[in-house]
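The exercises below are meant for a reader who is meeting this structure for the first time. Each one sets a task and then works through a solution step by step.

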Amino acid sequence: MFFPRCALLWARLPARRRAGHRAAICSALRAHIGPFSGSLGRVPAVASASSSASGGSKTPNTSLFVPLTVKPQGPSADGDVGAELTRPLDKNEVKKILDKFYKRKEIQKLGADYGLDARLFHQAFISFRNYIMQSHSLDVDIHIILNDICFAHVDDLFPFFLRHAKQIFPVLECKDDLRKISDLRIPPNWYPEARAIRRKIIFHTGPTNSGKTYHAIQKYLSAGSGVYCGPLKLLAHEIFEKSNAAGVPCDLVTGEERVTVEPDGKQAAHVACTVEMCNVTTPYEVAVIDEIQMIKDPARGWAWTRALLGLCAEEVHLCGESAAIDLVTELMYTTGEEVEVRNYKRLTPISVLDHPLESLDNLRPGDCIVCFSKNDIYSVSRQIEIRGLESAVIYGSLPPGTKLAQAKKFNDPDDPCKILVATDAIGMGLNLSIRRIIFYSLIKPSINEKGEKELEPITTSQALQIAGRAGRFSSRFKEGEVTAMNREDLSLLKEILSRPVDPVRAAGLHPTAEQIEMFAYHLPDTTLSNLIDIFVDFSQVDGQYFVCNMDDFKFSAELIQHIPLSLRFARQYSRNEPLTFAWLRRYIKWPLFPPKNIKDLMDLEAVHDVLDLYLWLSYRFIDMFPDASLIRDLQKELDGIIQEGVHNITKLIKVSETHKLLNLESLSAESRSRLSGTLKSQARKVRSTKTVGIKDAEPPSSSPDTGKKSLASRLVQQGLLTADMLKQLEEEWLTQQVEHGKERTESEAYSKGTRRKKKEPDSD
């Protein structure tokens with residue numbers, strides 16, 4: 001290297017000649033590092049290289065750049081060469097030099113040219129100063145510069161400062177490369193196998209229960225090979241069973257399960273999978289992508305985009321809403337493929353009634369009450385049971401087996417259960433014999449882009465999807481009916497259903513594993529969660545695409561951050577011990593027992609999710625999760641326990657109310673309809689404000705019952721607190737109040753004593 005050689009030459013010089021050659025050595029160092037000027041008038045020559053390096057792209061969000069730690073240098077085995085060549089550094093003088101360097105406006109401006117905004121510049125300087133002040137010995141070059149600063153200029157420190165800044169913020173060194181890697185503007189090029197063939201794209205569209213999926217599946221079954229891509233495990237299971245029942249050998253692939261039907265384990269020519277699990281390199285005759293309108297989903301849309309652009313099939317059959325036709329046509333135009341649209345009409349009539357249900361006393365066999373919260377599910381189930389009726393219950397967090405068992409119970413004409421209470425989970429994946437859909441509410445909680453909870457009326461697409469479950473072609477009821485619980489909601493429901501469905505305007509994208517790995521190659525010390533944030537910030541997309549919300553991915557990344565993972569495969573747990581069946585049994589405290597209250601039921605659902613996670617990991621890291629078959633048997637047993645709990649859900653609700661674990665004192669029917677009416681009128685006000693230009697819209701009047709619940713009761717209601725936890729919190733709060741009271745008393749006594757002293761004359 002250049003610097004050690006300079007130091008060696010310097011060391012060979014006679015002592016009396018070193019002073020005369022100091023300027024020559026510094027000149028040599030400047031030639032190696034870059035121009036060091038007495039003033040910044042000549043420094044822009046260095047900065048000009050940076051302005052082009054930063055590129056003309058959007059300014060990155062530097063708050064995402066997490067500084068790495070650069071440890072100060074300890075004592076060197078060779079001694080402090082810089083001190084031997086010159087003299088030891090005076091740390092007080094060095095600190096003054098560094099402070100002067102930091103305050104130079106020209107230096108800050110030069111840093112900005114290299115991508116160091118005020119925030120990064122400050123963080124980099126603090127790290128640089130600590131490094132210099134705390135190091136036992138510095139590199140020869142910077143040691144000499146700090147000693148010679150009186151002969152040169154403080155600006156000569158900038159190359160060393162910049163070098164240090166790039167060490168703690170490595171993204172500064174490779175911004176151009178990162179922008180190229182995160183360029184998502186031409187996603188069709190990611191799939192060369194699909195681009196190498198001429199695909200036929202057929203779009204089957206129509207309302208719910210129009211037979212569009214049926215016709216696509218018939219093509220799938222008659223083909224020599226095929227893949228079905230569904231949005232839910234339940235749908236993948238359904239096609240898997242239908243295919244094999246029809247004599248077409250079909251495998252099943254979901255995130256947690258792999259089932260091969262061939263006895264030798266060989267892959268069948270047909271496969272039913274969840275859309276995220278489809279293989280885009282295997283050639284097929286026919287591919288079916290169900291619910292293609294979900295390409296707009298802010299979290300999962302990327303999976304439909306990947307399947308649409310990447311599946312290597314001669315025919316690709318899309319099933320979904322007509323709102324997605326224009327976007328799909330545009331996307332296929334970029335691949336040079338044409339889209340054939342086939343329209344279908346609903347097979348059975350459906351009507352929106354002119355009268356609401358108003359009371360649960362008016363329920364009839366075949367009715368389904370749709371709620372948008374678990375608390376409403378529990379409340380309605382309890383009220384139905386009081387009336388001497390049986391109800392089945394279906395909501396999203398139930399295991400698939402429990403959902404199917406509840407659906408079977410409701411569909412069975414010989415079962416006394418004739419009423420279904422469900423969330424919008426019935427919108428996909430379940431064949432239900434429903435005569436009438438009753439919307440208990442039209443307000444659905446949602447999470448916005450900032451992670452905040454919002455309450456908004458359901459969209460037209462959601463309303464149509466749910467309402468279409470009534471009077472299905474294959475059910476006992478050949479005509480469907482739709483209504484609401486309250487009169488005010490019914491008028492809003494009619495308005496929602498009469499609106500045209502908003503067109504799908506953009507398709508979701510997600511960085512590929514290869515892109516993330518390349519990103520990690522340039523930023524090897526950055527956490528995976530932070531890496532994702534930087535990738536999304538640097539990414540560029542065309543107007544037809546958007547980058548999906550990756551919060552769930554980041555959350556998982558943060559959970560496993562302490563485990564030494566490569567980005568594609570994990571080979572060792574932190575203690576290098578596999579997670580065995582015996583370990584997991586101890587972890588979940590098996591055996592588990594039927595739930596005694598709602599909280600127990602929620603805990604069992606959470607354990608089921610843990611087992612799902614184990615199975616998902618077992619197909620990716622076999623050596624660390626070796627007991628998948630045993631865990632699957634355990635999960636089936638747990639599914640039965642949960643089914644027993646859901647079957648007795650009204651008893652669980654009673655117990656929970658008795659022990660104050662659940663508060664079902666919810667809004668009355670009148671106040672609930674008033675809330676919907678308020679939101680409706682408020683939505684109209686917002687629309688009129690946009691069109692007419694009214695600036696002052698009245699805020700919605702709050703319901704008189706809205707503020708009755710305490711925060712504690714709401715948290716208990718949501719299952720976030722139990723009575724024991726509340727008692728413990730109360731005890732801790734009282735203890736803290738006593739301690740704070742003591743501190744206040746001592747502080748007041750001290751301040752009084754101080755004031756008395758000030759009033760007394762000085763003794764001196």
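**Exercise 1. Describe how strand E10 sits between its partners.**

Step 1. Begin with strand E10 (residues 367–370), which in this predicted model runs parallel to strand E13 (residues 436–439) and is joined to E13 by 4 bridges. Within this pairing, Cys368 lies opposite Ile437 of E13, and Val370 has Phe439 of E13 as its bridge partner.

Step 2. Turn next to strand E12 (residues 419–422), with which E10 also pairs in the parallel sense, again over 4 bridges. Here Asp367 stands opposite Ile419 in E12, while Ile369 stands opposite Val421 in E12.

Step 3. Look at the two faces of E10, remembering that in a regular strand the side chains alternate between the two faces of the sheet. Asp367 and Ile369 are on one side of E10, Cys368 and Val370 are on the other, and all of them are buried, so that both faces are covered.

**Exercise 2. Place strand E12 and the sheet to which it belongs.**

Step 1. Apply the same reading to E12, where Ile419 and Val421 point one way, Leu420 and Ala422 point the other way, and all are buried.

Step 2. Find the other partner by following E12 to E11, a parallel pairing over 4 bridges, in which Ala422 of E12 is the bridge partner of Ile394.

Step 3. Assemble the whole sheet, which is open, has 6 strands in the order E9-E16-E13-E10-E12-E11, and is paired in parallel. Its edge strands are E9 and strand E11 (391–394), each of which pairs on one side only. On average, and with direction ignored, neighbouring strands are turned by 20 degrees against each other.

Step 4. Add the helix that covers part of this sheet: H19 (residues 487–498) packs on the sheet and touches E9, E13 and strand E16 (480–484), with a direction that makes about 125 degrees with that of E16.

**Exercise 3. Explain why strand E5 can be called largely enclosed, and locate E5 in its own sheet.**

Step 1. Count the buried residues, where buried means under 20% relative accessible area. In strand E5 (residues 270–274), 5 of the 5 residues are buried, and therefore the strand is largely enclosed by the rest of the structure.

Step 2. Sort these residues by face: His270, Ala272 and Thr274 lie on one side, Val271 and Cys273 on the other, and both faces are covered.

Step 3. Identify the partners of E5. Strand E2 (residues 226–230) pairs with E5 in the parallel sense over 5 bridges, and Gly230 stands opposite Thr274. Strand E3 (residues 250–253) also runs parallel to E5, joined to it by 4 bridges, with Leu252 opposite Ala272.

Step 4. Set these strands in the full order, E4-E3-E5-E2-E6-E7-E1-E8, which describes an open sheet of 8 strands with mixed pairing. Strand E4 (258–259) and E8 stand at the edges with a single partner strand each, so one side of each is left without a neighbour in the sheet. Elsewhere in the order, strand E6 (residues 284–289) runs parallel to strand E7 (residues 313–320) and is joined to E7 by 5 bridges, and Val286 has Glu315 of E7 as its bridge partner.

**Exercise 4. Work out what lines the second largest pocket.**

Step 1. Start from its volume, which is about 1200 Å³, and from its lining of 48 residues, of which Thr208, Asn209, Ser210, Lys212 and Arg472 lie nearest the centre.

Step 2. List the elements that contribute two or more residues to this lining: helix H12 (212–222), helix H13 (233–245), strand E9 (350–352) and helix H18 (460–467). The largest share, 7 residues, comes from H12.

Step 3. Divide the lining by class, which gives 19 nonpolar, 20 polar and 9 charged residues.

**Exercise 5. Is Lys345 buried or exposed, and which residues does Lys345 contact beyond its neighbours within four places in sequence?**

Step 1. Locate Lys345 in the loop between strand E8 (339–343) and E9.

Step 2. Compare its relative accessible area of 73% with the cut-off for exposed residues, which is over 50%; Lys345 is therefore exposed.

Step 3. Set aside the neighbours within four places in sequence, and the contacts of Lys345 are with Pro207 and Ser210. Thr205 is 140 residues away from Lys345 along the chain, yet the C-alpha atoms of these two residues are separated by 8.8 Å.

Technical notes:
Residues numbered from 1 in each chain as written. Predicted model: local features only at pLDDT ≥ 70, side-chain atom pairs only at ≥ 80, totals over all residues. Heavy atoms only, no water. Buried < 20%, exposed > 50% of the residue type's maximum accessible area, 1.4 Å probe, protein only. Pairing = 2+ DSSP bridges. 1 Å grid on protein atoms, 1.4 Å probe; cavity = no way out; pocket = protein on both sides within 12 Å on 5 of 7 lines; lining within 4 Å. Points joined across faces, edges and corners; volume = space filled by probe spheres on them. Nonpolar A, V, L, I, M, F, W, Y, C, P; charged D, E, K, R; others polar. Axes fitted to C-alpha atoms, helices over the stretch in contact; angles between N-to-C directions. Contact = heavy atoms within 4.5 Å.
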